[in-house]
Amino acid sequence: MEPLLPTTERALLQRVATEQSAKRAPSLVAAVVRDGRIAWSGGRGRVAGEVPGVDTQYRIGSITKTFVAALVMRLRDEGKVELNAPYDKYVPGTAFGDVTVAQLLAHAGGITAESPGQWWERTPGVEWPEMADRVGAEELKHRPGRRFHYSNLGYGALGELVARLRGVSWLEAVRTELLQPLGMTRTTPMPEKPHAEGFAVHPWADVLLPEPAHDAVSMAPAGQLWSTLTDLSRWARVVGGDTGGVLRPDTVAEMREPAVVEDGEQWTGGYGLGLQLARNRGRRLAGHTGSMPGFLATVWMHPESGTAAIGMTNTTTGVDVPTLCTDLIDIISTLEPALPVEWAPLPEVDPELLALTGTWYWGPAPRALRLLHDGWISLTPLTGTGGRASRFRPTGKDTWLGLDGYYAGETLRVVRRTDGSISHLDLATFIFSREPYETTAEIPGGVDPNGWQAL
C-alpha cells in the first residue's frame, strides 16, 4: 500500500486533535487500518509525560465481549455448543437457564443489564457461583427474544460457559485460541506498561480524578481487557474476515448479520452474534464500543472496503469515540477511496465446473451461474426483478451450500441423467433448467405438451 497523502494525514490528525481538545480528554489515540495494516495513527495528550502511540495500552471495556463471542462461535463450529440450546444445558442452575446461547450473544435474552449487587465496574468481582446465587427471577426484564436489551451479566454468563466447556478460564482460552495465534501480545487482563491511567474529568473544571481498575472476576468477560492500537488493528481485520485461522470467515460473516436492532425498521444500530453493528453514511460497520470507569474505546470495521478505525481515550465520559471512528473512516474513504481488488484469472479450473456456468432458468426467469474461487459458485438474476442472489460453497460432488441471501443454508444439487450429462439444478425444490421450462428437466407440475404458444 502506498503512503497516504499529506493532506489526508492532516485531515485525520485534525479530527483527532479536535476531539481531544474540545472534549478535554487526558489522552486520545486513534488509527486507521487499510490493506491489512495500520495506514495511519495519531495521538494527542500525554501518558506518563509522552504522546501515546500504537503500543500504549488502554482499557477496552466491552470490546472484550467480541473475544468471548469468538470463543463461543469456535465451540459452535466444533459441534460443542448449539446456539439455539438453552444456557442451562451447559451451565445448569441459573435463573435465566431457558435463555438460549444465541440470545445471550445478541443481547436478546431479556436479562438485566448489570449484575446484582454493587456497581460491578468499580468494585472487586466475585466468582461465578456467588454471582449466580445473586441472580433471581427479578433479573429477567423482558421475554427472551422479544427485544434488544444490552446485558453485561449475559456476557459474564458466556464467559462461564466457555470455561466449563474448555476446562480452563475464559482468559486462558482467549490467550491460547485467539491472542497467541494472532500475535496480539499486548492484549492483557490487567495493564502492562506503557499504559494509560483511567481518569474522570471534572465537568466544570480542568482537573482529574483517578478511577479504579479492579479485577471483575465473573463479570470480567463483559469488559476486562486492555489493548493497544497495534493489537486492535489485527482484531479489526478478524472482524472484517481476515481471521488468521482462528475462525472461519463465514462464521465471522454470520456474527456480522443483524440479530436484533435498536431503532426500528430503518435501523442505524443493532447487534449480531457478539458484534455491534451500525449504519453510517451508506456504510455497514461492525465492531464494538467499550467503556469502563476512566476509559472509552471503539473498533469499527467496514468489511466491504477492508477499512477500519480504532479510537481509545482515558476518560470516563464525554469523548464521542464511536463518532470519531466513523469520521476517520469517512475521511480516508472520501479523500483516498480504496482501490478495488485487482482482477486476476483463476490459477486452475475444473472443466466440469466450467460447463455449469452461464444461463439457467427458474421457470421463465434467467439466472447467471458464475464460477468463483476454490470451486465456489454464485447464482444471480440477470434482470432487475426476482432477486435471490446467493453464493455457494462446495460440500461434495455436485453439491453446494448457500452462504447468503435467500438461499443461505440451502443445498444446490446438480442432477445428472443416466449417461452423466447434466439434466438440471435442484435448489430447495426449485428446478433450474438450461431453457425456460425445459421439458426434459423434471419441472414440478409438468410442462404443457403444446409448449410455448402465441395468443
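How many nonpolar, polar and charged residues are in the lining of the second largest pocket? Point 3 gives the answer, after the overall picture and the largest pocket.

1. Overall picture. This is a predicted model. The protein has 455 residues, and 50% of them count as buried. Its secondary structure consists of ten helices and 20 strands. Along the principal axes, the C-alpha atoms fill a box of roughly 85 × 60 × 40 Å.

2. Largest pocket. The volume of the largest pocket is about 770 Å³. Its lining is made up of 23 residues, and those nearest the centre are Pro 249, His 373, Trp 376, Arg 391 and Leu 403. Helix H8, strand E16 (390-396) and strand E17 (399-402) are the elements that give two or more residues to this lining. H8 provides the largest share, four residues. Sorted by class, the lining holds nine nonpolar, five polar and nine charged residues.

3. Second largest pocket. Here the volume is about 460 Å³. There are 16 lining residues, with Arg 34, Asp 35, Ala 338, Leu 339 and Pro 340 lying nearest the centre. To answer the opening question, the lining has nine nonpolar, two polar and five charged residues.

4. Asp 35. This residue, one of those nearest the centre of the second largest pocket, also deserves a look for its backbone. Its phi is near 55°, a positive value in a residue other than glycine. Asp 35 sits in the loop between strand E1 (27-34) and strand E2 (37-45). With a relative accessible area of 59%, Asp 35 counts as exposed because the cut-off for that class is over 50%.

5. Ala 48. A positive phi is also found at Ala 48, about 50°, although this residue is not a glycine. Ala 48 belongs to the loop between E2 and strand E3 (58-59). The relative accessible area of Ala 48 is 79%, so it is classed as exposed.

6. Cis peptide. The peptide bond that joins Lys 193 and Pro 194 is cis, with omega at about -5°. Pro 194 is located in the loop between helix H6 (170-182) and strand E4 (199-201).

7. Largest cavity. How many cavities of 30 Å³ or more are there? The count comes to two. The largest of them holds about 50 Å³ of space. Its lining consists of Thr 66, Ala 70, Trp 235, Val 238, Val 239, Leu 247, Val 252, Met 255 and Leu 275. Two or more of the lining residues come from each of helix H2 (64-77), helix H7 (229-240) and helix H8 (249-255). H7 gives the largest share, three residues. By class, eight of the lining residues are nonpolar, one is polar and none is charged. H8 therefore appears in two places in this note, since it gives two or more residues to the lining of the largest cavity and is also the element with the largest share in the lining of the largest pocket, by the DSSP runs used here.

8. Second largest cavity. The volume of this cavity is about 40 Å³. Gln 103, Leu 104, His 107, Ala 108, Gly 109, Gly 110, Ile 111, His 149, Ser 151 and Gly 154 form its lining. These residues divide into three nonpolar, seven polar and no charged. Glycine is counted with the polar residues, and the lining includes Gly 109, Gly 110 and Gly 154.

9. Nonpolar surface patch. Leu 346, Val 349 and Leu 354 make a nonpolar patch of about 250 Å² on the surface. Val 349 is part of the loop between helix H9 (321-335) and helix H10 (351-356). Val 349 has a relative accessible area of 43% and is therefore partly exposed. It can belong to the patch because patch residues need over 30% relative accessible area.

10. Pro 366. Is this proline buried or exposed? Pro 366 is buried, because its relative accessible area is 17% and the cut-off for buried is under 20%. Pro 366 lies in strand E14 (residues 365-371). Between Pro 366 and Arg 416 the separation is 50 residues in sequence and 21 Å in space, taken C-alpha to C-alpha.

Conventions:
Residues are numbered from 1 along each chain as its sequence is written. This is a predicted model: local features need pLDDT of at least 70, side-chain atom pairs count only at pLDDT 80 or more; totals for chains, interfaces and linings use all residues. Side-chain values use heavy atoms; hydrogens and water are left out. On a 1 Å grid over the protein atoms alone, a cavity is a set of points where a 1.4 Å probe fits but cannot get out, and a pocket is an open set with protein on both sides within 12 Å along at least five of seven lines; lining residues have an atom within 4 Å of a point. Grid points are joined across faces, edges and corners, and a volume is the space filled by probe spheres set on the points. Patches are made of residues with over 30% relative accessible area and no salt bridge: like charges are joined within 9 Å, nonpolar side chains (Val, Leu, Ile, Met, Phe, Trp, Tyr) within 5 Å. Accessible areas come from the Shrake-Rupley method with a 1.4 Å probe; for residues, only the protein chains shown count as cover. A salt bridge is a side-chain nitrogen of Lys or Arg within 4 Å of a carboxyl oxygen of Asp or Glu. Buried means under 20% relative accessible area, exposed over 50%, partly exposed in between (1.4 Å probe, protein chains only).
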